[in-house]
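Subject: The structure we talked about

Hi there,

Here is the structure I promised to pass on. Have a look at it first, and then read on below.

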Amino acid sequence: MSRSLSSGAMTTATRPKDVSANATFDADARLWREGEPGADRERLWIHPSGLLLLDARRKNGKLDGEVKWSLGIHDFSEHAPRVAMQKALGLPSGPHATMLATFEEGVLVEARFRPGFDFEDTLRVPLRDGVIDGEVEWVIGPVEGALFELGDVKLLHKVFKVPKPWPHRLKAVFAKGKLKSTEFFDKKGNVLDVSKPVVLTEWGEATEAGALAGYVERGDFAADAARFFPKAERVSNPGSKKVRGAGAGRVLDDVVKGGGVPVMTVAFDFSSYGFDAKKEELYGAAEDKYVGIASDGSGEMFLLDTGTGKVVRYAHEEGTVSPAFDSLDELTFALLRIEAAAKKLIPKPKLAALFKKLGLKTAETLLKEY
């Protein structure tokens, strides 16, 4: 048990394990305190959990160095006074209640927000002369209200014009409070090209059913892939002997190995290309005849039946296969255009009409998902 003064009376409370042995309990505020307000070192823990609320250092009575803050409450009545304390300290608000704020002689120069002290930063905001200045970093996620706010300084997420689907992270350079540049990155740290795509005027709208045969072997798939997505990163999957043994498979395999297939992450991708269903003991489809070609946006695989040359769609949750396309020509023709439509390069209604005319029912169904 520990005793401390609160409102002129002695109060007892059980000390949480993470609270300093030198801390005293303030029953009115329901906080454990080490160091008085304005002291060179002030630490506060919430009761009864003992979670750290504040760890602040001061020089000549002003905040200086790194300040730790994590707004926590056990009762709603505690929220308002703790928000008031946060403002009185000169701390900003952001996407999380936990932050590491750096001060220089009472002036905030950087704020870093994270889900908890032991997590990585999700937002870093540098300041100079009372405005945002320098490189802002943000792990992009849902936001209610301002992304960052401190007094008259307010940063709204919409200023970044984040494209869809959301990139993983952004870096934005500010100069004297003005946004100068923005870069977007994927989870691997690769810079993303988010420039507005040029709408395709020629994408095969007039294609007839008879022209689908030979789409891969004529080189049309490789040519369309390069034309539709000229700036996209290319697939680096190795070749597949199983694919090469099927009709049009040799040419498709050459395209994949030669870096002719772009990484297309919205409606489908080639990450499952060459997947050996039997060797990998694919649940419900562990047969020697099946080899992976592509996956759609929901994670279902398209497997080539090397015996018939047809393509089936594999449902991973059910472990079942169902007819999808009659050939690799149909598969590549359809998926390439579904990806393009998902990225608004070609109009969905016109593509849906083309699929219907060509009798590509699976393609019609997939298109509706994007």
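Below is what I found in it, starting with one sheet and moving on to what packs against it.

Please keep in mind that this is a predicted model.

**The five-stranded sheet**

A good place to begin is the open sheet of 5 strands, which are arranged in the order 19-20-21-22-23 with antiparallel pairing. Strand 19 and strand 23 (320-325) are its edges, each pairing on one side only. Helix 7 (residues 361-368) packs on this sheet, where it touches strand 20, strand 21, strand 22 (311-315) and strand 23. The direction of helix 7 makes about 105° with that of strand 23.

Strand 20 (residues 290-296) is worth a closer look. It is mostly covered, with 7 of its 7 residues buried. On one side, 2 bridges link strand 20 to strand 19 (residues 268-269), and the two run antiparallel. Phenylalanine 268 has aspartate 296 of strand 20 as its bridge partner, while aspartate 269 is partnered with serine 295.

Strand 20 is also joined to strand 21 (residues 301-305), by 5 bridges and again antiparallel. Here tyrosine 290 stands opposite aspartate 305 of strand 21. These two strands make a hairpin with 4 residues between them, and glycine 299 in the turn has a positive phi of about 90°.

**The largest nonpolar core**

Which residues touch the most other members of the largest nonpolar core? In this core of 52 residues, they are Phe221, Leu252, Phe270, Ile293, Phe325 and Phe355. At least two residues each come from helix 2 (220-228), helix 4 (249-257), strand 20, strand 21, strand 23, helix 5 (328-342), helix 6 (348-358) and helix 7. Helix 5 gives the most, with 10 residues.

Phenylalanine 325 is a nice one to click on. Leaving aside its neighbours within four places in sequence, its contacts are Phe302, Lys310, Val311, Glu330, Leu331, Ala334, Thr362, Ala363 and Leu366. There is also a second, separate core of 34 residues, and Leu54, Val67, Ile132 and Phe160 are among them.

**The two sides of helix 7**

Back to the helix that packs on the sheet. Thr362, Ala363, Leu366 and Leu367 of helix 7 are buried. Why do they lie on the same side of helix 7? Because they cover an arc of only 135° around the axis. The cover over the buried residues of helix 7 includes strand 20, strand 21, strand 22, strand 23, helix 5 and helix 6. Lys361 and Lys368, on the other side of helix 7, are exposed.

**Another set of paired strands**

Earlier in the chain, strand 13 (residues 134-139) and strand 16 (residues 169-175) run antiparallel and are joined by 6 bridges. Within that pair, valine 136 has alanine 172 of strand 16 as its bridge partner.

Strand 16 also pairs with strand 17 (residues 178-185), in the antiparallel sense and over 7 bridges. One of the bridges between them matches alanine 175 with lysine 178 of strand 17. The hairpin they form has 2 residues between the strands, and lysine 176 there takes a positive phi near 55°.

Happy to go through any of this with you.

Best wishes

Methods. Residues numbered from 1 in each chain as written. Predicted model: local features only at pLDDT ≥ 70, side-chain atom pairs only at ≥ 80, totals over all residues. Heavy atoms only, no water. Buried < 20%, exposed > 50% of the residue type's maximum accessible area, 1.4 Å probe, protein only. Pairing = 2+ DSSP bridges. Contact = heavy atoms within 4.5 Å. Axes fitted to C-alpha atoms, helices over the stretch in contact; angles between N-to-C directions. Core = buried A, V, L, I, M, F, W, Y, C linked by side-chain atoms within 4.5 Å. Arc of directions from axis to C-beta.
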